Amino acid sequence: MTLVVGLGCQRGCEVHALLALFDAALTEGGIERQQVTALASIDHKQHEPGLLALAEQLGLPLRCFSAQHLATLEHRLSHKSAIAFAHTGCYGVAESAALALAEQLVNAPARLLISRRKSPQATFALACAG
């Protein structure tokens with residue numbers, strides 16, 4: 001089974017804030033860090049220092065998708081955020097990015113294993129496929 005974490009964050013979000021959300025959500029879901037295959041987000045976050053630092057610290061690849069691609073998955077989201085849409089053009093970065101990458105990696109349908117979790121600066125979701 002392939003597990004992918006999707007992340008959304010505010011500009012300038014620090015790696016420690018992302019890691020705290022990452023670890024808390026995984027603990028809540030009974031998932032260990034080493035079970036995660038990759039990280040995913042939206043393309044305009046591909047140079048976000050906190051996300052890059054998190055990927056490096058965890059030793060995981062970070063793959064980013066366009067808002068148009070993520071928007072094709074909006075019918076599968078557990079939560080649709082008008083704020084996310086206003087800033088990105090899609091209704092949910094974390095969930096849709098996790099689904100997109102999990103499906104891309106295994107070329108099969110994915111499902112949300114952990115739906116959107118939110119901290120003051122970031123969002124997290126975990127998708128699985130295979």
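1. Contact here means heavy atoms within 4.5 Å. By that test, and leaving out residues up to four places away in sequence, F22 touches V5, R33, V36, L39, L58 and F124. The model is a predicted one.

2. F22 belongs to the largest nonpolar core, which has 25 residues. V5, F22, L39, F124 and L126 touch the most other members. So three of the F22 contacts, V5, L39 and F124, recur among these well-connected members. As background, nonpolar side chains tend to be buried together in soluble globular proteins.

3. Which elements each supply at least two residues of this core? They are β1 (2–9), α1 (15–29), β2 (36–42), α2 (49–58) and β5 (122–129). The most comes from α1, with 7 residues. Another core lies apart from this one. That core has 19 residues, including I42, L73, L101 and A129.

4. Strand β5 deserves a close look. How many of its residues are buried? The count is 8 of 8, so β5 is mostly covered, buried being under 20% relative accessible area. A122, F124, L126 and C128 point one way from the strand. T123, A125, A127 and A129 point the other way, and all of these residues are buried. In a regular strand the side chains alternate between the two faces of the sheet.

5. Now the pairing of β5. It runs antiparallel to β1, and 8 bridges join the two. V5 has L126 as its bridge partner in β5. Both V5 and L126 are among the core residues that touch the most other members.

6. β4 (residues 110–118) also pairs with β5 in the antiparallel sense, over 6 bridges. L112 has A127 as its bridge partner in β5. β4 and β5 form a hairpin, with 3 residues between them.

7. The largest pocket holds about 550 Å³ of space. Its lining has 25 residues, and C9, Q10, I83, A84 and H87 lie nearest the centre. By class, the lining has 9 nonpolar, 11 polar and 5 charged residues.

8. Where does this lining come from? β1, α4 (82–88), α5 (93–106), β4 and β5 each supply at least two residues. The largest share, 4 residues, comes from α4. β1 and β5 thus appear in two lists: they supply residues to the largest core and to the lining of the largest pocket.

Note on methods: Residues are numbered from 1 along each chain as its sequence is written. This is a predicted model: local features need pLDDT of at least 70, side-chain atom pairs count only at pLDDT 80 or more; totals for chains, interfaces and linings use all residues. Side-chain values use heavy atoms; hydrogens and water are left out. A nonpolar core is a set of buried Ala, Val, Leu, Ile, Met, Phe, Trp, Tyr and Cys residues joined through side-chain atoms within 4.5 Å. Buried means under 20% relative accessible area, exposed over 50%, partly exposed in between (1.4 Å probe, protein chains only). Two strands pair if DSSP finds at least two bridges between them. On a 1 Å grid over the protein atoms alone, a cavity is a set of points where a 1.4 Å probe fits but cannot get out, and a pocket is an open set with protein on both sides within 12 Å along at least five of seven lines; lining residues have an atom within 4 Å of a point. Grid points are joined across faces, edges and corners, and a volume is the space filled by probe spheres set on the points. Ala, Val, Leu, Ile, Met, Phe, Trp, Tyr, Cys and Pro count as nonpolar, Asp, Glu, Lys and Arg as charged, and the others, Gly among them, as polar.
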